Amino acid sequence: MSPPAAFRIGWCCQFVPPDGDAERARRMNYGTVTIAALRRLDGSRAIEKLVEVVDRNLTALALQLQELAAGPPHRRMLRIFSGILPAYTHALGRPLYREPVLRALVETGLAEAGDFARAQAIRLCFHPEQFCVLNSAAP
């Protein structure tokens with residue numbers, strides 16, 4: 001018996017390879033950069049760092065979507081980690097994301113991800129960063 005059409009199951013934020021392949025997990029999961037690290041960089045180097053991290057994250061998102069598309073329709077759901085765009089809402093990051101190179105990367109990468117997800121009937125959603133979540137594994 002197959003699940004109802006509206007029923008979906010997927011994963012939240014991080015991909016854990018069933019075989020435990022650490023390199024695959026690294027490729028398919030997001031990276032980050034801290035605000036403190038960005039503050040230590042001059043303007044052009046901060047943009048370069050964000051481009052590097054965001055490009056990695058958009059590639060990871062594409063790999064996650066490809067993984068989901070290969071599975072059955074009822075397993076096509078992904079909760080995208082809100083840290084996909086580090087520092088996006090922070091006062092330090094906002095002007096950096098307005099830079100043409102970073103803006104184009106984000107617009108293109110998210111548009112491609114959205115197009116692919118729609119074509120493959122993958123349900124996408126976001127959740128807030130850890131500072132907004134009311135539960136934690138740590139005391």
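**Exercise 1. Is Glu-48 buried, partly exposed or exposed, and what is its relative accessible area?** Then look at the charged partner of Glu-48 in this predicted model.

*Solution.* Start with the accessibility. Glu-48 has a relative accessible area of 45%. Buried would need under 20% and exposed over 50%, so Glu-48 comes out as partly exposed.

Next, the partner. Glu-48 makes a salt bridge with Arg-45, at 3.5 Å from N to O. That passes the 4 Å cut-off. Arg-45 is partly exposed too, at 32% relative accessibility.

Finally, place the pair. Arg-45 and Glu-48 sit three residues apart in helix H3 (residues 43-69), or about one turn of the helix.

**Exercise 2. Which residues form salt bridges with Arg-103 and with Arg-118?** Work out how each pair is spaced along its helix.

*Solution.* Take Arg-103 to begin with. Its partner is Glu-107, and the closest N and O atoms are 2.7 Å apart. Both belong to helix H5 (residues 100-119), and being four residues apart there puts about one helical turn between them. Check the surface: Arg-103 is partly exposed at 47%, and Glu-107 is partly exposed at 45%.

Now Arg-118. This side chain meets Asp-115 in a salt bridge of 2.8 Å, N to O. Arg-118 and Asp-115 are three residues apart in H5, again about one helical turn. Here the accessibility classes split: Arg-118 is exposed at 62%, while Asp-115 is partly exposed at 46%.

To round off the charges, Glu-23, Arg-26 and Arg-27 join up in a network of salt bridges. The total count is seven salt bridges.

**Exercise 3. How many aromatic pairs does a search of the whole structure find?** Classify each of them.

*Solution.* The search turns up two. In one, Tyr-30 and Phe-81 have their centres 6.0 Å apart and 25 degrees between the planes, which makes the pair stacked. Tyr-30 is in the loop between helix H1 (22-28) and H2, and Phe-81 is in the loop between S2 and H4, so the pair ties together parts 51 residues apart in sequence. Tyr-30 is buried at 13%, whereas Phe-81 is partly exposed at 23%.

The other pair is Tyr-88 with Tyr-97: with centres 4.8 Å apart and planes at 70 degrees, it is edge-to-face. Tyr-88 is partly exposed at 43%, and Tyr-97 is buried at 6%.

**Exercise 4. Which element gives the largest share of the largest nonpolar core?** Describe the core, then follow Tyr-97 through it.

*Solution.* The largest nonpolar core has 31 residues, and those with the most contacts inside it include Leu-50, Val-54, Leu-61 and Tyr-97. Two or more residues come from each of helix H2 (35-39), H3, strand S2 (77-80), helix H4 (93-97) and H5. H3 gives the largest share, 11 residues.

Setting aside neighbours within four places in sequence, Tyr-97 touches several residues, among them Leu-50, Val-54, Tyr-88, Leu-102 and Arg-103. Two names here have come up before: Tyr-88 is the edge-to-face partner of Tyr-97, and Arg-103 is the salt-bridge partner of Glu-107.

**Exercise 5. In what order do the three strands form the open sheet?** Find the edges and the helix that lies across.

*Solution.* The order is S1-S2-S3, with parallel pairing. Strand S1 (11-12) and strand S3 (123-126) are the edges: each has a single partner strand, so one side of each lacks a neighbour in the sheet. S2 and S3 pair over four bridges, and Met-77 stands opposite Arg-123 in S3. H3 lies across S1, S2 and S3, at about 160 degrees to S2.

Methods: Residues numbered from 1 in each chain as written. Predicted model: local features only at pLDDT ≥ 70, side-chain atom pairs only at ≥ 80, totals over all residues. Heavy atoms only, no water. Buried < 20%, exposed > 50% of the residue type's maximum accessible area, 1.4 Å probe, protein only. Core = buried A, V, L, I, M, F, W, Y, C linked by side-chain atoms within 4.5 Å. Contact = heavy atoms within 4.5 Å. Pairing = 2+ DSSP bridges. Axes fitted to C-alpha atoms, helices over the stretch in contact; angles between N-to-C directions. Phe/Tyr/Trp six-rings, centres within 6.5 Å; stacked < 30°, edge-to-face > 60°.
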